[in-house]
Amino acid sequence: MSFLTLDHLQKSFGVTKVVHDFDLAIAKGEFVSFLGPSGCGKTTVLRMVAGFETPTAGRIVIDGQDVTRARPNQRQIGMVFQSYALFPNLTVAENVGFGLRVAGVARAERSGRVTQMLELIGLPDLGARYPWQLSGGQQQRVALARALAPRPRVLLLDEPLSALDAKIRVSLRNQIREIQQQLGITTIFVTHDQEEALSISDRIVVMHKGIADQTGTPAQIYNQPATEFVAGFVGTLNRFDAEVLDAARGLVRVEGAQIALDRPLPAGRIILAARPESLRIAPEGIPAEITGAEFLGSVQRLRARAAGQEVVLDRFNEPGTELPAPGAQVHLAAQQAGWLVLTA
Ligand code: ATP
């Protein structure tokens with residue numbers, strides 16, 4: 001059952017179409033990320049859901065109610081932006097209670113709800129402070145509490161972690177996910193950071209030039225990318241030009257080696273790709289020369305040149321595995337399931 005439906009949404013600014021036929025059904029309580037490079041239309045879709053932009057075509061339905069033309073304040077949506085956007089002249093408690101005051105919630109109930117929200121975000125004692133007395137991460141948590149206090153039906157997060165430093169980003173994203181699950185609130189999270197999207201989402205929509213290239217769980221997006229764009233945008237990828245020798249049996253040739261994929265392929269040329277952790281040094285395979293090796297603690301990252309390409313291999317750092325010397329001649333292989341066949 002879909003709780004939030006985006007039905008063939010389109011948006012043009014003047015003659016420029018920035019969102020093309022965007023379709024998505026989100027279940028109640030689901031956490032969905034929109035992931036894509038700058039300018040792909042993520043924010044525009046989010047702003048249409050919030051009611052700040054009117055779609056050129058298509059419908060937005062929340063819990064069975066068509067809100068396509070409803071005003072933002074009629075949609076029961078909570079939103080958090082990249083910049084904390086707290087009211088500087090209001091205390092933390094007043095910021096959190098702001099939406100409730102606007103909605104006419106009585107003082108006693110308001111104060112109870114504010115206390116509850118401050119506990120939820122782990123800042124029970126900071127209600128009397130002003131935003132300038134808080135760190136960036138704390139301000140963003142207050143912004144989250146302010147968005148959640150009126151009990152919205154949907155929570156929209158537009159790059160809420162981008163302005164924070166790396167360590168805070170990781171702890172805050174985990175906190176956001178915990179709070180989201182605790183409340184069971186349907187959430188859309190916009191990001192251009194693939195690790196962020198992979199780590200906290202139920203599903204990811206990978207966007208590219210105003211369309212959804214692929215929608216799937218983090219594992220589906222990473223392990224079975226539907227397009228070359230998705231494969232390259234999410235995670236590191238090694239690509240090889242390959243000639244299909246036997247389309248029915250899936251036999252291909254990459255410079256210097258034949259590889260049996262054991263799956264039907266299109267005839268002609270394909271792009272054969274593998275993640276760094278799928279490629280390994282093997283007795284047989286694509287001839288390669290090691291060009292560098294880095295020790296990263298839990299993994300060793302090896303660089304090599306193979307079939308005219310720079311490739312990257314990651315392998316677990318097990319005691320006793322030496323780093324290969326630059327210049328070493330090796331062969332590279334992957335298990336059949338580790339080879340991705342990409343179409344443009
Ligand atoms: P970013 O991560 O940089 O915010 P995004 O994926 O969220 O990127 P959008 O902000 O949705 O992208 O913008 C999509 C395209 O629409 C961009 O090319 C942008 O310049 C254009 N655009 C957005 N808002 C307007 C507007 N009000 N008028 C004209 N063009 C706009």
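In which sense, left-handed or right-handed, does helix 2 pass helix 4? I'll start there today. The crossing of helix 2 with helix 4 is right-handed. On the helix 2 side, the contact is made by V92, N95, V96, F98 and G99, and on the helix 4 side by V142, A145 and R146. Sorted by class, that contact has 5 nonpolar, 2 polar and 1 charged residues.

Before I go on, a word on what we're looking at: this is a predicted model. The chain has 344 residues, and 35% of them count as buried. There are 8 helices and 20 strands in the chain, and the C-alpha trace spans about 75 × 50 × 35 Å along its principal axes. If you take the contacts with a separation of 6 or more, 63% of them are between residues 24 or more positions apart.

Okay, back to the helix pair. Helix 2 covers residues 92-102 and helix 4 covers residues 136-148; their axes come within 6 Å and cross at roughly 30°. Angles under 35 degrees count as roughly parallel, and helix 2 and helix 4 are therefore roughly parallel to each other.

Now, helix 4 has another partner, and that's helix 5, residues 166-183. How do the axes of helix 4 and helix 5 cross, and within what distance do they come? The angle is roughly 20°, and the axes come within 11 Å. So here too we have a roughly parallel pair, helix 4 with helix 5. Helix 4 passes helix 5 in a right-handed crossing. Who meets whom? From helix 4 we have G136, G137, Q140, L144 and L148, and from helix 5 we have I168, L172, I176 and L183. By class, this contact has 6 nonpolar and 3 polar residues, with no charged ones.

If you look at the spacing in lists like that, keep the helix geometry in mind. An α-helix has 3.6 residues a turn, so residues three or four places apart point the same way.

Next stop, the ligand. Which residues are around the ligand? Going along the chain, they are F13, V18, G36, S38, G39, C40, G41, K42, T43, T44 and H192. As a shell, that's 3 nonpolar, 7 polar and 1 charged residues. The largest share of the shell, 3 residues, comes from helix 1, which is residues 42-50.

So is helix 1 largely enclosed or not? Of its 9 residues, 7 are buried, so helix 1 is largely enclosed by the rest of the structure. The buried ones are K42, T43, T44, V45, L46, M48 and V49. Right after helix 1 comes G51, and its phi is positive, near 95°.

One more residue, and then I'm done: P37. You'll find P37 in the loop between strand 3, residues 31-35, and helix 1. Is P37 buried or partly exposed? Being buried takes 20 or more other C-beta atoms within 10 Å; P37 has 13, so P37 is partly exposed. Setting aside the neighbours within four places in sequence, P37 is in contact with H192 and F233. H192, remember, is also one of the residues around the ligand. And for a sense of scale, the C-alpha atoms of P37 and A247 are separated by 34 Å, with their positions 210 residues apart along the chain.

That's my tour; happy to rotate the model and go back to any of these.

Conventions:
Residues are numbered from 1 along each chain as its sequence is written. This is a predicted model: local features need pLDDT of at least 70, side-chain atom pairs count only at pLDDT 80 or more; totals for chains, interfaces and linings use all residues. Axes are lines fitted to C-alpha atoms, for helices over the stretch in contact, and angles run from 0 to 180 degrees between N-to-C directions. Helices (H or I, at least four residues) and strands (E, at least two) are DSSP runs, numbered from the N terminus. Angles under 35 degrees count as roughly parallel, over 145 as roughly antiparallel, 65 to 115 as roughly perpendicular and the rest as oblique. A crossing is left-handed if the near helix is turned anticlockwise from the far one by less than a right angle, and right-handed if clockwise. Two residues are in contact if their C-beta atoms, placed from the backbone, lie within 7 Å. Ala, Val, Leu, Ile, Met, Phe, Trp, Tyr, Cys and Pro count as nonpolar, Asp, Glu, Lys and Arg as charged, and the others, Gly among them, as polar. A residue is near a molecule or strand if its C-beta atom, placed from the backbone, lies within 6 Å of it. A residue is buried if 20 or more other C-beta atoms lie within 10 Å of its own, exposed if 12 or fewer, and partly exposed in between; C-beta atoms are placed from the backbone.
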